[in-house]
Amino acid sequence: MTRNAEQTRKRILKAAETLVMSNGFAGTSIDQILKSAGLTKGAFFHHFKGKAELARELVDWHARQDLATFEVYAAEAEAESDDPLEQTLLFLEAFEKYVSNSDDPSPGCMYAVYTYESMQFDPSVRDLIADTLRQWTSIYVGKFQEVIDRYEPATPVTARQLAEMIVAIIEGGLVLQRAYDDVRMTSRQSEQFRNYLRLLFAGPRRGAAPSAPRADELSPAAVAQ
């Protein structure tokens with residue numbers, strides 16, 4: 001019984017997610033969700049008091065899926081390399097493959113949809129979206145701080161600045177991806193961010209002994225000595 005109830009709840013949320021991403025929350029009715037999920041109103045109201053409760057549960061469910069996916073990519077990157085910069089680059093590459101999957105293209109960003117329609121929701125839903133994006137940012141802050149602790153950046157930058165930059169790139173990329181109907185838009189921008197990271201942290205590790213100059217780099221006087 002519990003398993004069936006959970007499966008029904010997921011069917012409602014998945015149907016709602018697809019419709020909301022296509023039509024917006026205001027443009028999606030409970031009847032449309034039930035028709036898509038193949039369920040009755042009784043099934044809906046068994047799980048949700050109404051559309052307002054569904055709104056909060058939908059963004060929370062969506063956020064938990066995103067974070068679970070990111071945790072998998074982070075674990076895979078950490079298993080492949082013990083260097084924080086390499087881990088970050090591998091993490092971003094995994095995300096790029098995910099977001100540009102033409103077999104299951106991303107329809108856009110749920111957080112953007114909710115933000116644009118913020119007047120439709122009570123403050124707790126807007127706060128949940130803000131908290132989710134802050135959580136995203138804090139994950140990146142931790143990773144970038146590890147990189148900065150290991151490598152001297154070519155120009156002064158903080159972990160938070162880098163974290164906010166990549167979150168803005170992802171969110172903006174997903175909006176443009178949908179507007180242009182271009183499944184590669186977000187991944188291309190993420191690739192450019194990876195290139196920026198490589199240039200930013202191209203120098204030696206902090207605390208590493210300077211490498212000895214090659215013979216062809218020495219002055220004649222130094223060679224004579």
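Let me start with one cut-off, since we'll need it later: a residue is buried under 20% relative accessible area, exposed over 50%, and partly exposed in between. Hi everyone, and please keep in mind that what we have here is a predicted model.

First, the overall picture. The chain has ten helices and zero strands, so from the N terminus on you simply read α-α-α-α-α-α-α-α-α-α. The chain has 225 residues, and 41% of them count as buried. For the contact-map fans: taking contacts with a separation of 6 or more, 71% are between residues 24 or more positions apart. The accessible surface comes to about 12,900 Å², and carbon and sulfur atoms hold 53% of that.

Now, the inside. The largest nonpolar core has 64 residues, and Tyr114, Tyr140, Phe144 and Phe201 have the most contacts inside it. Helix H4, residues 51-80, is the top contributor, giving ten residues to this core. As general background, nonpolar side chains in soluble globular proteins tend to be buried together.

What does tyrosine 114 touch, once we leave aside its neighbours within four places in sequence? Its partners are Val20, Phe25, Ala55, Leu58, Val59, Phe121, Val125 and Ile129.

Two of those partners, Val125 and Ile129, bring us to helix H7, where both are listed among the buried residues. H7 covers residues 123-150, and its 28 residues reach 41 Å from first C-alpha to last, close to the 40 Å expected at 1.5 Å a residue. Its buried residues also include Trp136, Tyr140, Phe144 and, perhaps to your surprise, Lys143. Which elements cover the buried residues of H7? Among them are H4, H5 (84-99), H6 (110-116), H8 (159-180) and H9 (185-200).

Let's stay with Lys143 for a moment, and look at its partner, glutamate 78. Glutamate 78 is found in helix H4. Is it buried, exposed or partly exposed? Its relative accessibility is 43%, which lies between the two cut-offs I opened with, so glutamate 78 counts as partly exposed. Not counting residues up to four places away in sequence, glutamate 78 touches Gln87 and Lys143. With lysine 143 there is a polar contact, side chain to side chain, at 3.3 Å. So here a partly exposed glutamate 78 is paired with a lysine 143 that is on the buried list of H7.

One last distance for glutamate 78: its C-alpha atom is separated by 8.9 Å from that of threonine 88, ten residues apart along the chain. Thanks, and I'm happy to take questions!

Notes:
Residues numbered from 1 in each chain as written. Predicted model: local features only at pLDDT ≥ 70, side-chain atom pairs only at ≥ 80, totals over all residues. Heavy atoms only, no water. Helix = DSSP H or I, 4+ residues; strand = E, 2+ residues; numbered from the N terminus. Buried < 20%, exposed > 50% of the residue type's maximum accessible area, 1.4 Å probe, protein only. Contact = heavy atoms within 4.5 Å. Areas by Shrake-Rupley, 256 points an atom, 1.4 Å probe, with all protein chains shown as cover. Core = buried A, V, L, I, M, F, W, Y, C linked by side-chain atoms within 4.5 Å. Expected span 1.5 Å × (residues − 1). Polar contact = N/O pair within 3.5 Å; in protein donor to acceptor, adjacent residues only side chain to side chain.
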